[in-house]
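Welcome! Please take a moment to look over the sequence and the 3D view before reading on.

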Amino acid sequence: MEIDVRLHFSGARQYEKVSYPIRYGQLSEITLPDYHFQFNLNGEIKYLQGRGRTWPHPSEWLKRTIGNQWIYYDGSGYNQVFDYLGEYYLPYFTYKSNHLWEVDPFHDPSVQEALSAFRRLPRVLKEVLKNGRWSEEERTFLSKAAAMDESSLSQRAERLNTILGGRVTVLPPDSRHVDYDCVPLNISDGCLYHCAFCRVKTGQNFKSRSAANIREQLRGLKEFLGPDLRNYNSLYLGQHDALNCGEGIIEAALRAREDLELDRSFLEGGCLFLFGSVDSFLRADEPLFRAINRLPFRTFINLGLESADQETLDLLGKPLRAGQVEEVFGRLSEINRQYDRLEVTANFVIDLHLPAGHWDSLSRLTRDFFPHYFDKGAVYLSPLSRAGRRELLARFQEIKRKSRRPVYLYLLQRL
């Protein structure tokens with residue numbers, strides 16, 4: 001069989017916004033006549049791309065996350081996709097999400113065949129290894145890749161869930177800046193609210209994790225990621241309101257950076273991502289924000305505001321007053337102006353069935369709260385359903401055109 005192996009090649013060292021395929025970190029590659037298979041430093045498949053004429057587009061590919069989720073990256077209509085997402089590629093997921101797109105590439109026969117080719121790959125590699133042409137280093141890599149079949153990868157994902165004490169059900173939208181490649185570390189469980197509309201939270205009451213639990217997670221994560229830690233420079237502190245941990249954020253971030261050696265990553269820079277709530281943000285004081293700004297990360301705090309209209313908040317089952325949401329929106333703008341390495345972003349829901357007051361308040365917040373355009377502090381709009389898709393996208397565009405802050409759609413993505 002015609003097969004080429006390329007070991008330990010280096011991709012980009014910085015995350016970029018580009019309209020062509022790009023690979024980050026250090027990888028190895030197996031090329032067969034119809035496919036490129038690219039692997040992380042643990043021998044796990046990370047990227048899969050077709051080579052033949054039946055492949056949908058030469059600049060599109062599949063990516064597998066460490067949570068064992070496949071994502072298809074669609075590069076069609078670059079300008080429009082960037083307008084919606086702030087990225088040049090549209091991600092499609094195998095699980096139910098809140099995207100508004102009609103096409104599903106996972107139903108494309110060529111994409112299905114590519115995934116089938118990956119499932120066959122371990123058998124192919126075991127046959128290939130019978131050939132004596134390989135160097136010792138190549139044989140070691142091929143053996144690792146052959147051992148990482150579907151069953152092994154599934155078990156690895158379950159092992160990650162065990163280490164964290166639960167599945168990562170959603171990542172902050174700002175983690176798009178590192179292509180969602182961040183090490184997860186749970187410093188809390190649950191949330192302050194139990195909103196009726198929410199589909200991703202656990203239903204648990206909020207509780208901070210102990211220092212001992214965090215140390216245990218870090219030991220497990222270091223072992224789990226192993227050599228591939230060199231391909232990570234960023235951290236996600238979970239679960240859904242890590243901001244409510246206060247000074248615990250600083251302790252966890254610094255310990256994780258040291259224990260996981262994120263400062264020795266092949267990738268330059270490094271980001272910290274976490275969620276926050278209205279109450280945790282209002283309780284946070286200036287010393288905490290100053291301490292976060294001094295961390296050796298560029299930090300993004302994403303707040304779930306949902307609406308500044310009282311009728312809508314009541315309909316969503318979110319136990320807040322509209323005045324609190326407006327207070328938070330004003331304060332996050334001050335924080336964004338004041339701190340150079342800290343950015344606070346906000347989520348709002350959108351749906352055609354929401355009251356007119358929701359749309360009016362959303363338009364007013366994004367336009368009238370600011371005297372001029374400021375490119376920091378993105379507003380993310382999360383669709384509740386696909387109903388009236390075209391009209392919903394038209395309303396999104398109307399808000400975006402008038403906004404004095406960056407506005408993007410938020411597609412819920414797991415790890």
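## Charges over rings

Over the ring of which residue does the charged end of R13 sit? The ring belongs to F266, and the charged end of R13 is 4.5 Å from its centre. Keep in mind as you explore that this is a predicted model.

You can find a second example at R176. Here the charged end sits over the ring of Y408, 4.7 Å from the ring's centre.

## Rings that meet rings

Aromatic rings also pair with one another, and the count for this model comes to 17 aromatic pairs. One of them is formed by W70 and F118. Their ring centres are 5.8 Å apart and their planes make an angle of 70°. Planes over 60 degrees apart count as edge-to-face, so this pair is edge-to-face.

What does this pair tie together? W70 belongs to strand β6 (residues 70–74), while F118 belongs to helix α2 (residues 109–128), so the pair links parts that are 48 residues apart in sequence. Are W70 and F118 buried or exposed? Both of these residues are buried.

Rings can also gather in a cluster: W61, Y73 and Y89 form one.

## The open sheet

Now turn to the strands. Seven of them make an open sheet with parallel pairing, in the order β8-β11-β12-β13-β14-β15-β16. The strands at the edges are β8 (183–186) and β16 (407–409). Each has a single partner strand, so one side of each is left without a neighbour in the sheet. From one strand to the next, the twist averages 25°.

Let's look at one edge. Strand β8 runs parallel to strand β11 (residues 235–238), and 4 bridges join the two. Within this pairing, L185 stands opposite L237 in β11.

## A helix packed on the sheet

Which helix packs on the sheet by touching β13, β14 and β15? That is helix α10 (residues 322–338), which touches β13 (298–306), β14 (342–350) and β15 (379–383). The direction of helix α10 makes about 150° with that of β14.

One residue to pick out in helix α10 is N336. Why does N336 count as buried? Its relative accessibility is 2%, and buried means under 20%, so N336 counts as buried. Leaving aside residues up to four places away in sequence, N336 touches L342, E343, V344, F374, K376 and G377. Try finding these contacts of N336 in the 3D view, starting with L342.

Terms used
Residues are numbered from 1 along each chain as its sequence is written. This is a predicted model: local features need pLDDT of at least 70, side-chain atom pairs count only at pLDDT 80 or more; totals for chains, interfaces and linings use all residues. Side-chain values use heavy atoms; hydrogens and water are left out. Rings of Phe, Tyr and Trp (its six-membered ring) pair if their centres lie within 6.5 Å; planes under 30 degrees apart count as stacked, over 60 as edge-to-face and the rest as tilted. Buried means under 20% relative accessible area, exposed over 50%, partly exposed in between (1.4 Å probe, protein chains only). A charge sits over a ring if NZ of Lys or CZ of Arg is within 6 Å of the ring centre and within 35 degrees of the ring normal. Two strands pair if DSSP finds at least two bridges between them. Axes are lines fitted to C-alpha atoms, for helices over the stretch in contact, and angles run from 0 to 180 degrees between N-to-C directions. Contact means heavy atoms within 4.5 Å.
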